[in-house]
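Please open the model in your viewer, with the backbone drawn as a cartoon, and follow the stops below in order.

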Amino acid sequence: MIEIFHISKKFFDGEKPVIALHPTSLRIKEKEFVIIVGANGSGKSTLLNVIAGTILCDEGKIAVDSNDITALKEHERSRFIARVFQNPQSGTASDLTIIENFRLAALRSHSKILRIGIDKKFVDSIRERVSWLGLGLEDQLNRKMGALSGGQRQALTVVMSTMDDFKLLLMDEPTAALDPKSAELIMKLTSRILNQMPVAILMVTHQTKQVLDYGNRIIQMASGQIIRDLDSTSKEKLTLNEIIHWFD
Ligand SMILES: Nc1ncnc2c1ncn2[C@@H]1O[C@H](COP(=O)(O)OP(=O)(O)OP(=O)(O)O)[C@@H](O)[C@H]1O
Ligand SMILES: [Mg+2]
């Protein structure tokens with residue numbers, strides 16, 4: 001269970017304060033796949049950044065399974081929180097091979113002193129995970145990450161984000177840079193992660209079709225606030241037209 005209580009964030013753009021997030025509360029349970037929609041500038045990324053610890057909130061509290069993480073630095077939160085960004089280049093190191101990137105991912109929340117070697121057992125486990133994608137990349141684990149397409153790279157980033165323990169996966173427009181087929185792969189992969197692991201997912205997207213096809217809860221943000229929060233039953237009744245009118 002992720003509990004967000006009364007968190008807020010103000011930025012100062014020159015002299016003028018910008019309220020990116022009004023005091024906001026939210027509880028996310030295990031197995032929830034929450035999709036966040038909202039106009040540009042409505043505070044979606046700020047909410048994710050505050051949860052991840054990329055920026056600290058001005059007030060409020062964030063807890064994961066009763067552990068208060070509000071004061072923890074971003075890297076200290078990584079055993080609770082995994083992340084995938086919009087830009088496929090963000091999550092991985094271009095100069096390292098696929099397998100080396102996986103090794104780094106496996107070390108994410110562990111002490112860097114704890115060494116996980118690239119032995120046969122490790123390679124076999126990565127081959128198995130990468131084969132989920134159906135892209136044939138399991139036979140190319142020694143290729144440099146920088147030589148892959150954005151779609152291949154993002155798919156690997158999502159698999160990598162699951163290498164270590166976490167409770168909440170934050171995804172900020174993970175398919176925005178991808179073609180429709182790669183986007184579909186990322187959405188299917190995300191659903192699979194949710195089915196197989198005891199976690200929750202919080203995903204921002206601007207693609208209305210994804211909102212209808214995926215997730216079991218929808219939140220709409222506007223002007224730094226949550227203005228709609230629909231559970232799976234209400235979500236099932238939604239039409240594309242209704243969602244479009246939310247933005248009127
Ligand atoms: N570092 C910053 N400094 C100043 N203002 C900021 C900063 N980050 C965000 N803001 C402002 O906070 C508000 C919310 O921004 P945020 O990035 O959270 O929106 P968003 O909903 O993610 O938008 P988009 O759909 O365009 O990604 C905006 O008005 C934005 O200009
Ligand atoms: Mg954003």
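Which strands does helix 1 (residues 44-52) lie across, and at about what angle does helix 1 run to strand 2? Select helix 1 together with strand 1 (2-13), strand 2 and strand 4: the helix lies across these three strands and runs at about 65° to strand 2, where axes are lines fitted to C-alpha atoms, for helices over the stretch in contact, and angles run from 0 to 180 degrees between N-to-C directions. Contact here requires C-beta atoms, placed from the backbone, within 7 Å, and helices (H or I, at least four residues) and strands (E, at least two) are DSSP runs numbered from the N terminus.

This is a predicted model, in which local features need pLDDT of at least 70 and side-chain atom pairs count only at pLDDT 80 or more, whereas totals for chains, interfaces and linings use all residues. Residues are numbered from 1 along each chain as its sequence is written, while chains are lettered from A and ligands numbered from 1 in the order in which they are written.

Next, select the open sheet of four strands, which has the order 2-1-4-5 with antiparallel pairing; two strands pair if DSSP finds at least two bridges between them. Strand 2 (16-28) and strand 5 (67-68) stand at the edges with a single partner strand each, so one side of each is left without a neighbour in the sheet. Strand 5 is joined to strand 4 (residues 59-64) by two bridges, and alanine 63 stands opposite aspartate 68 there. In the loop between these two strands, pick serine 66, which has a positive phi of about 70° although it is not a glycine.

Move on to strand 9 (residues 217-222), where five of the six residues are buried, meaning that 20 or more other C-beta atoms lie within 10 Å of a residue's own (12 or fewer is exposed, in between is partly exposed, with C-beta atoms placed from the backbone). Strand 9 pairs in the parallel sense with strand 3 (residues 33-38) over five bridges, arginine 217 being the bridge partner of valine 34. With strand 10 (residues 225-230), strand 9 pairs in the antiparallel sense, also over five bridges, and isoleucine 219 stands opposite aspartate 229. These two strands form a hairpin with two residues between them, and serine 223 in the turn has a positive phi of about 45°.

Finally, select Ile98, Asn101, Phe102 and Ala105, the buried residues of helix 2 (residues 98-106). They cover an arc of only 100° around the axis, which puts them on the same side of helix 2; the arc is that of the directions from the helix axis to the C-beta atoms. Add helix 3 (120-131) and helix 4 (150-161) to see what these buried residues pack against.

Conventions:
Two residues are in contact if their C-beta atoms, placed from the backbone, lie within 7 Å.
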